[in-house]
Amino acid sequence: MLLPVGGLGMNSTMDDMNLIQQRHHLVVRELGEEIDLEIGPGDDDPSFASTPLIGGPPREPSAEEHDDSKQVVMVSQLSGEDQDVSKMQPMKRKKKVVKRWREEWADTYKWAYVDVKEGTARIFCSVCREYGRKHRRNPYGNEGSRNMQMSALEEHNNSLLHKEALRLQMASKDKIIVDKPIYVKALMSKTAGSIVEAALKRDPHEVEFIQSVQEAVHALERVIAKNSHYVNIMERLLEPERMILFRVPWVDDRGETHVNRGFRVQFNQTLGPCRGGIRFHPSMNLSTAKFLGFEQTLRNALSPYKLGGAAGGSDFDPKGKSDNEIMRFCQSFMNELYRYLGPDQDLPSEEMGVGPREMGYLFGQYRRLAGHFQGSFTGPRIFWSGSSLRTEATGYGLVFFAQLMLADMNKELKGLRGDAVVEVGFSGVDDVGGVKGTELGMTHQHNGKSLKNWMAENCTGFVKYMEESGNEIVEGEGSRETEFLMRVPKINSVLIRSKLEKEVCVISGSGKIALHVTEKLLAYGALPITVSDSKGYLVDEDGFDYMKISFLREIKSQQRSLRDYSKTYARSKYYDESKPWNERCDVAFPCASQNEIDQADAINLVNSGCRILIEGSTMPCTPEAVDVFRKANVVIAPAMAAGAGGVAAGELELNHECNLMHWSPEDFESKLQEAMKQTYQRALKAAADFGYQKESPEALVHGAAIAAFLTVAQGMTDQGCV
């Protein structure tokens with residue numbers, strides 16, 4: 001409460017308006033007891049900062065005030081003249097209620113703490129490093145009742161500012177990273193370097209987008225050097241046609257309000273309407289949306305179906321959320337986005353964190369708002385949308401692409417099981433049952449059988465002797481070596497070891513793409529042995545079979561840890577906080593997220609015998625990792641080409657709807673194989689046209705980027721500067 005008191009010599013320059021606009025200010029007796037819940041002097045009131053204040057003694061609180069609140073009388077220094085003015089024009093009294101800092105607030109809002117700012121105690125945010133916006137009301141702790149104060153804390157807790165700062169803090173797992181270093185590749189051409197420089201100057205903090213630009217420019221160096229016209233085309237291409245950023249408020253099952261940020265980047269529509277995924281993940285930001293949109297533009301241009309590219313999503317995390325919470329979020333997300341979608345404009349598809357459930361909720365709200373069933377989102381289930389193999393298409397396409405690559409090397413996936421050399425060693429005798437060790441020193445095709453079963457078919461004399469002598473063949477433990485220990489009467493142990501130098505496939509991720517890759521590898525006769533999640537990876541030395549894959553799907557559908565798999569299958573092991581790239585393999589399928597393979601992982605893969613890397617996720621390798629693979633001559637199938645199966649399936653779905661065709665899974669798979677073959681051949685042809693030999697490990701990387709870029713560039717040239 002402000003009380004006019006005379007005789008204290010107020011600053012003569014303060015006029016009547018300054019007197020009326022003077023703000024309340026409380027004297028803080030002790031940190032943690034009474035806190036000014038309003039912003040103090042701000043930029044809009046510089047004169048108030050120099051106004052002296054004197055605190056008077058506290059009075060007894062009235063009955064209408066809260067028991068734990070205190071009333072502090074503020075005495076303003078007024079001159080006699082100003083006092084007369086105040087008598088003629090009395091100030092409006094305002095009731096001020098001061099609240100204590102409650103411990104339960106600290107429990108609920110763990111980011112909040114109290115500190116002194118310019119002599120006044122404030123409620124600060126440990127994530128944002130600020131105590132409120134610079135205006136009259138402090139959103140971290142409002143004046144008035146306890147409910148108002150808590151709602152103000154909740155307001156900041158759900159603000160976009162706080163969410164973004166929290167996202168950055170979680171991504172760093174320690175402190176907020178303000179300036180993340182960007183790895184800049186050395187380019188042979190100054191012209192190509194100028195394109196990257198311009199992108200860095202325009203978007204210096206968009207690390208993921210700059211990385212994708214560098215990879216594309218590096219792959220296009222010969223194209224840009226051949227025709228300077230492409231420099232201007234590339235500069236235009238790197239700026240998205242439309243970027244949509246919006247808030248997504250939603251209510252959880254407890255009735256609490258949350259706010260997330262939504263993105264949609266319609267990158268380029270030169271070739272046709274946009275197609276691209278929607279990703280729900282806490283790490284989602286504008287840089288990620290732009291890089292995904294750019295990569296999708298090139299991927300769609302490389303596919304047989306000429307489409308534009310887009311990408312988007314939200315920093316919403318569907319993990320741990322109920323179906324109703326996810327439905328409410330998807331509906332709120334679509335309330336803003338629907339006006340930018342349509343069959344001739346933009347249709348979204350599945351991505352990380354978005355599956356058939358989420359796509360169903362999104363499409364239902366879109367249909368409701370648009371008022372018609374025109375078009376379809378690519379990805380939902382057969383009973384209300386397109387083909388039945390849409391979710392499998394990307395994973396199956398990766399395996400089809402790998403098979404095409406191996407066919408050019410005169411190999412095939414089913415040959416990657418490898419041979420096993422069987423060795424026998426005796427202790428105390430020269431032979432057992434008339435069978436000498438040299439006679440067992442042979443090779444055999446493993447074919448997924450245990451050595452014990454193989455011996456029953458191929459070493460019948462030895463096995464018969466063991467059975468007749470009453471000895472049991474016991475399978476021993478061994479990593480990559482299956483050991484069998486036989487005990488023979490009156491002699492020492494006999495050890496037979498099968499050195500299973502398996503050339504196997506390692507896979508990261510355990511989502512729909514990773515599991516469909518595992519499934520199709522098994523069908524082609526390969527041996528997939530790993531999957532992973534955000535906490536670690538699972539390895540099964542015996543390899544996965546269809547029953548095990550079904551069990552993995554059950555684990556994922558119940559949101560359980562992959563660690564539960566090892567409780568059922570004893571020969572499997574789960575490694576915490578690790579990646580599968582140190583497992584011995586012949587082909588690697590990274591299917592988790594961008595930049596999952598760093599330099600150390602690349603070195604581990606090379607040392608583990610990896611010769612082919614099929615990119616299932618978009619940009620899975622850091623630039624340093626790509627350099628390692630290049631020096632080691634590891635053949636890379638870029639996601640731009642290898643991941644085109646999802647694009648093909650999406651268009652087949654729409655054609656299915658338009659033509660009312662009914663394709664069987666076999667017909668659909670045949671169409672998918674043909675689309676992947678066309679994509680593979682286009683990439684190799686473009687590489688050859690610009691001097692990259694088919695045998696070169698980089699041929700597919702350069703060829704895919706060249707073929708896609710030339711297609712988009714021709715369209716942009718024909719359509720003029722638009």
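This passage describes two sheets, three pairs of packed helices and the salt bridges of a predicted model.

In this predicted model, local features need pLDDT of at least 70 and side-chain atom pairs count only at pLDDT 80 or more, whereas totals for chains, interfaces and linings use all residues. Residues are numbered from 1 along each chain as its sequence is written, and side-chain values use heavy atoms, with hydrogens and water left out.

Strands of a sheet pair through backbone hydrogen bonds, in either a parallel or an antiparallel manner. Here, helices (H or I, at least four residues) and strands (E, at least two) are DSSP runs numbered from the N terminus, and two strands are taken to pair if DSSP finds at least two bridges between them. An open sheet of 4 strands with parallel pairing follows the order S18-S22-S23-S24. Its edge strands are S18 (505-508) and S24 (635-637), each of which pairs on one side only. Neighbouring strands of this sheet are turned against each other by 15° on average, direction ignored. Strand S18 is joined to strand S22 (residues 587-590) by 4 bridges, the two running parallel, and Ser508 stands opposite Pro590 in S22. Across S18 and S22 lies helix H17 (residues 512-523), which runs at about 160° to S18; such angles run from 0 to 180 degrees between N-to-C directions, and axes are lines fitted to C-alpha atoms, for helices over the stretch in contact.

A further open sheet is formed by 3 strands in the order S19-S20-S21, with antiparallel pairing. Strand S19 (530-533) and strand S21 (572-576) stand at the edges with a single partner strand each, so one side of each has no neighbour in the sheet. The twist from one strand to the next averages 15°. Between S19 and strand S20 (residues 536-540), which run antiparallel, there are 4 bridges, and the bridge partner of Asp533 in S20 is Gly536.

Two packed helices are described by the angle between their axes and the distance between the axes. Angles under 35 degrees count as roughly parallel, over 145 as roughly antiparallel, 65 to 115 as roughly perpendicular and the rest as oblique. The axes of helix H20 (residues 599-607) and helix H21 (residues 623-631) come within 7 Å and cross at roughly 25°, which means that H20 is roughly parallel to H21. Contact (heavy atoms within 4.5 Å) is made by residues including Ile603 and Leu605 of H20 and Val628 and Phe629 of H21. The residues of this contact divide into 7 nonpolar, 1 polar and 1 charged, where Ala, Val, Leu, Ile, Met, Phe, Trp, Tyr, Cys and Pro count as nonpolar, Asp, Glu, Lys and Arg as charged, and the others, Gly among them, as polar.

Helices H7 and H10 pack at an angle of about 25° with their axes 6 Å apart, and H7 is therefore roughly parallel to H10. The residues of the contact of H7 with H10 divide into 6 nonpolar, 3 polar and 3 charged. Helix H10 also packs with helix H25 (residues 699-719), at an angle of about 85° and with the axes 8 Å apart, so H10 is roughly perpendicular to H25. The contact of H10 with H25 has 8 nonpolar, 2 polar and no charged residues.

The structure holds 26 salt bridges, each a side-chain nitrogen of Lys or Arg within 4 Å of a carboxyl oxygen of Asp or Glu. In one of them, the side chains of Glu206 and Lys290 meet at 2.8 Å, N to O. This pair links distant parts of the chain, 84 residues apart, with Glu206 in the loop between helix H6 (190-202) and helix H7 (207-219) and Lys290 in helix H10 (residues 286-302).
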